[in-house]
Amino acid sequence: QVQLVESGGGWVQPGGSLRLSCTASGVIFSIDHMAWYRQAPGKQRELVAHISSNDNTNYADSVKGRFTISRDDAKNTVNLQMNSLKPEDTAVYYCNAGVRYDYYSTYENYWGQGTQVTVSS
């Protein structure tokens, strides 16, 4: 079993910054993609940023130039640096990762429990 645990959410004023972290633990052989999604009240969950196993990244248009995703494979961690935050960034942010537990297994998709980010004055 694999667990993803997020940290770093909270309240920030518009224009401020937050850094989210997510660490995977459990039986892990390798991690493929890692990503951050978010879900605002009354809206569908959406992809915010994605990083592949070879560090290729892509971002939602709404966060390009403001958010940066990075990963530390030695620590099984993915981070999301969020700058110039806007009220519309307010949402629950979820960590996502594709993990396999041994050489012969396929990648399974795992989710964290979510962390609240609130941007308001």
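Arg 38, Glu 46, Arg 66 and Asp 89 are joined in a network of salt bridges, and this network is a good place to start looking around this predicted model. The background idea is simple: side chains of opposite charge can pair when their charged atoms come close. Arg 38 takes part in two such pairs that are worth finding on screen. With Glu 46, Arg 38 makes a salt bridge whose closest N and O atoms are 2.7 Å apart. With Asp 89, Arg 38 makes another, and here the closest N and O atoms are 3.0 Å apart. Arg 38 belongs to strand β4, while Asp 89 sits in the loop between β8 and β9, so this pair ties together parts that are 51 residues apart in sequence.

How covered are these partners? Arg 38 has a relative accessible area of 6%, so it counts as buried. Asp 89 is buried as well, because its relative accessible area is 1%. Glu 46 has a relative accessibility of 35%, which means that it counts as partly exposed.

The count of salt bridges in the model comes to five. One of them joins the side chains of Asp 61 and Lys 64, with 3.1 Å from N to O. Asp 61 and Lys 64 are both exposed, whereas Arg 38 is buried at 6% relative accessible area.

From charged pairs we can move to a covalent link. A disulfide is a covalent bond between the sulfur atoms of two cysteines. The model has one disulfide by count. Its partners are Cys 22 and Cys 95, whose sulfur atoms are 2.1 Å apart. Cys 22 lies in strand β3 and Cys 95 in strand β9, so the bond ties together parts that are 73 residues apart in sequence. The torsion about the S-S bond is about -80 degrees, and therefore this disulfide is left-handed. Cys 22 is buried, with a relative accessible area of 0%, and Cys 95 is buried with a relative accessible area of 0% too.

Next comes the nonpolar interior. In soluble globular proteins, nonpolar side chains tend to be buried together. In this model, the largest nonpolar core contains 30 residues, and the ones with the most contacts inside it are Trp 36, Leu 80, Met 82 and Tyr 93. Many strands contribute: β1 (2–7), β3, β4, β5 (46–51), β7 (67–72), β8 (77–82), β9 (91–100) and β11 (115–119) each provide at least two residues of this core. The largest share, five residues, comes from β9.

Met 82 gives a close-up view of its surroundings. Leaving aside residues up to four places away in sequence, Met 82 touches Gly 16, Ser 17, Leu 18, Leu 20, Arg 66, Phe 67, Tyr 93 and Val 117. Two names in that list may look familiar: Arg 66 belongs to the salt-bridge network, and Tyr 93 is among the core residues with the most contacts.

Now for the loops. Gly 112 is found in the loop between β10 (108–111) and β11. Is this glycine buried or exposed? Gly 112 is buried, with a relative accessible area of 11%. Apart from residues up to four places away in sequence, Gly 112 touches Leu 4, Glu 6, Tyr 94 and Cys 95, and Cys 95 is one of the two disulfide partners. Gly 112 can also be set beside Gln 39: they are 73 residues apart in sequence and 13 Å apart in space, C-alpha to C-alpha.

Two other loop residues stand out for their backbone angles. Most residues other than glycine have a negative phi. Asp 55 is not a glycine, yet it has a positive phi of about 70 degrees. Its place is in the loop between β5 and β6 (57–59), and at 49% relative accessibility Asp 55 counts as partly exposed. Asn 76, which is not a glycine either, has a positive phi of about 55 degrees. Asn 76 lies in the loop between β7 and β8 and is partly exposed, with a relative accessible area of 23%.

The tour ends at the surface. Phe 29, Tyr 103 and Tyr 104 make a nonpolar surface patch of about 440 Å². Phe 29 sits in the loop between β3 (18–26) and β4 (30–39). With a relative accessible area of 44%, Phe 29 is partly exposed.

Technical notes. Residues are numbered from 1 along each chain as its sequence is written. This is a predicted model: local features need pLDDT of at least 70, side-chain atom pairs count only at pLDDT 80 or more; totals for chains, interfaces and linings use all residues. Side-chain values use heavy atoms; hydrogens and water are left out. Patches are made of residues with over 30% relative accessible area and no salt bridge: like charges are joined within 9 Å, nonpolar side chains (Val, Leu, Ile, Met, Phe, Trp, Tyr) within 5 Å. Accessible areas come from the Shrake-Rupley method with a 1.4 Å probe; for residues, only the protein chains shown count as cover. A salt bridge is a side-chain nitrogen of Lys or Arg within 4 Å of a carboxyl oxygen of Asp or Glu. Helices (H or I, at least four residues) and strands (E, at least two) are DSSP runs, numbered from the N terminus. Buried means under 20% relative accessible area, exposed over 50%, partly exposed in between (1.4 Å probe, protein chains only). A nonpolar core is a set of buried Ala, Val, Leu, Ile, Met, Phe, Trp, Tyr and Cys residues joined through side-chain atoms within 4.5 Å. Contact means heavy atoms within 4.5 Å. A disulfide is a pair of cysteine sulfur atoms within 2.5 Å.
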